2 protein chains.
Amino acid sequence: MVRSDARENRARILAAAREALAADGSTSMNQIGQRAGVGAGTLYRNFPTRDDLLLAVYEAEVERIVAAVPSLLDLHAPLEALRRWTLDLVAAMRAKHGLGDALGSVAHQAANDRSHGPVIQAISTIFEAGKADGSIRRDADPGDFLQFTSALWRAASAPDDRAPGMLDLLLDGLRAR
Amino acid sequence: MVRSDARENRARILAAAREALAADGSTSMNQIGQRAGVGAGTLYRNFPTRDDLLLAVYEAEVERIVAAVPSLLDLHAPLEALRRWTLDLVAAMRAKHGLGDALGSVAHQAANDRSHGPVIQAISTIFEAGKADGSIRRDADPGDFLQFTSALWRAASAPDDRAPGMLDLLLDGLRAR
DNA sequence: ACCTGAACACCGTTCAAGT
DNA sequence: ACCTGAACACCGTTCAAGT
């Protein structure tokens, strides 16, 4: 039986972490604990490791974005839906700012692994629609496309946001000839 | 006047850092100092910040790679030279392993800024050769290409190295029609 | 002019003691 | 059953004292 205060604490920690990390990706665990109004022990009971906490915040964000796919496909042609969805993804990543970079290399890999399934699913859905109507080449691979988005959100944090131009180049590579 | 022991110390620190960081990107400053046989103060006199040290190691590596361009262009057609050069770049980054991920977001940006000039120069040289002989489209942008390489070396550290296939997709996008 | 290494503030994490 | 918060080992960085 989970005590109600325990359930509340978990939610409070996640909310505090989401806010604090968006502002500064290197916010310390103890700072997050204080902000959430819980002791360090409680923090670590819920998230045994700093990376576990970062991952949980990251995961919630990914889920939100993935959920947007179906309505985009209802409103736009596949390539256009892909363009908009990818720009949304990049914008969200940019807003999250420090989060991606705060993850160490191992945790970053773990984040990719966990989000891999849902995100690949999202991209595949769009690709399939494009292959069905002949606008996207048949050998286009969702996995490759996903990898490239990491370059896009790095480009998006530069002073001159190159992401849109780079994305167009990518989409050109996907278009059926 | 720079004392000879001071000059030696700087070199010893850089060497120790290069070796230690290749093995483990999170090696601590004090560990590097001990390995180099210098006190913490000496370490910080030469590199006022952990990121300064990481950056110096990173920079040396980039210089080595950039220097390889002319001979590649002597031996291969532009697109093939670009393919080989990029795979070399990715392999070197992979060997450096933790280094790229150990840099915080700010330092990572600084690293990109500093290496940007020389690396863009290298890519531009190859692009110009390709535009001259008609194998590379005229609107191809070296800056965009550079951004994509970051996605490649992330892909290269996955169990199934997707970098070669992804690179071929990219080169397809650059080819003149 | 340069070096050493103890010391400082703070980090992620643990664990005894409480309720 | 869950919580608090002092404590631990260690981090990046500083600075008095030496040569």
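A polar contact here is a pair of N or O atoms within 3.5 Å. I start there since the DNA contacts come up first. Keep in mind that this is a predicted model.

Take DNA strand D. A polar backbone atom of B:Arg50 sits 2.8 Å from a phosphate oxygen of that strand. B:Met29 also approaches a phosphate oxygen of strand D with a backbone N or O atom, at 2.8 Å. From the other chain, the side chain of A:Asn9 places an N or O atom 2.3 Å from a phosphate oxygen of DNA strand D. The elements giving two or more residues to the surface near this strand are α1 and α3 (40-46) of chain A, along with α2 (29-36) and α3 (40-46) of chain B. Of these, α3(A) gives the most, with 4 residues.

In total, 22 residues surround DNA strand D, and the closest are A:Asn9, A:Gly39, A:Thr42, B:Tyr44 and B:Arg50. By class, the surface near strand D has 8 nonpolar, 10 polar and 4 charged residues. What share of the strand D atoms within 4 Å of the protein belongs to sugar or phosphate? The figure is 63%, and the rest belong to bases.

Now DNA strand C. Here, too, 22 residues surround the strand, and the closest are A:Tyr44, A:Arg50, B:Asn9, B:Gly39 and B:Thr42. Sugar and phosphate make up 64% of the strand C atoms that come within 4 Å of the protein. A:Arg50 has a backbone N or O atom 2.8 Å from a phosphate oxygen of strand C, and a polar side-chain atom of A:Tyr44 is 3.2 Å from a phosphate oxygen of that strand. There is a base contact to mention as well: a polar backbone atom of B:Ala40 lies 3.3 Å from a base nitrogen of DNA strand C.

Which elements supply the surface near strand C? At least two residues each come from α2 (29-36) and α3 of chain A and from α1 (4-23) and α3 of chain B. The largest share, 4 residues, is that of α3(B). The class count for this surface is 8 nonpolar, 10 polar and 4 charged.

Last, a helix pair within chain A. The axes of α1 (residues 4-23) and α4 (residues 50-66) come within 10 Å and cross at roughly 85°. α1(A) and α4(A) are therefore roughly perpendicular to each other. On the α1(A) side the contact is made by A:Ile13, A:Leu14, A:Ala17, A:Arg18 and A:Leu21; on the α4(A) side, by A:Arg50, A:Leu53, A:Leu54, A:Ala56 and A:Val57. Those residues divide into 8 nonpolar, no polar and 2 charged. A:Arg50 thus appears twice in this talk, at DNA strand C and in the contact of α1(A) with α4(A).

Conventions: Residues numbered from 1 in each chain as written. Chains lettered and ligands numbered in written order. Predicted model: local features only at pLDDT ≥ 70, side-chain atom pairs only at ≥ 80, totals over all residues. Heavy atoms only, no water. Axes fitted to C-alpha atoms, helices over the stretch in contact; angles between N-to-C directions. Parallel < 35°, antiparallel > 145°, perpendicular 65-115°, else oblique. Contact = heavy atoms within 4.5 Å. Nonpolar A, V, L, I, M, F, W, Y, C, P; charged D, E, K, R; others polar. Near = heavy atom within 4 Å. Polar contact = N/O pair within 3.5 Å; in protein donor to acceptor, adjacent residues only side chain to side chain.
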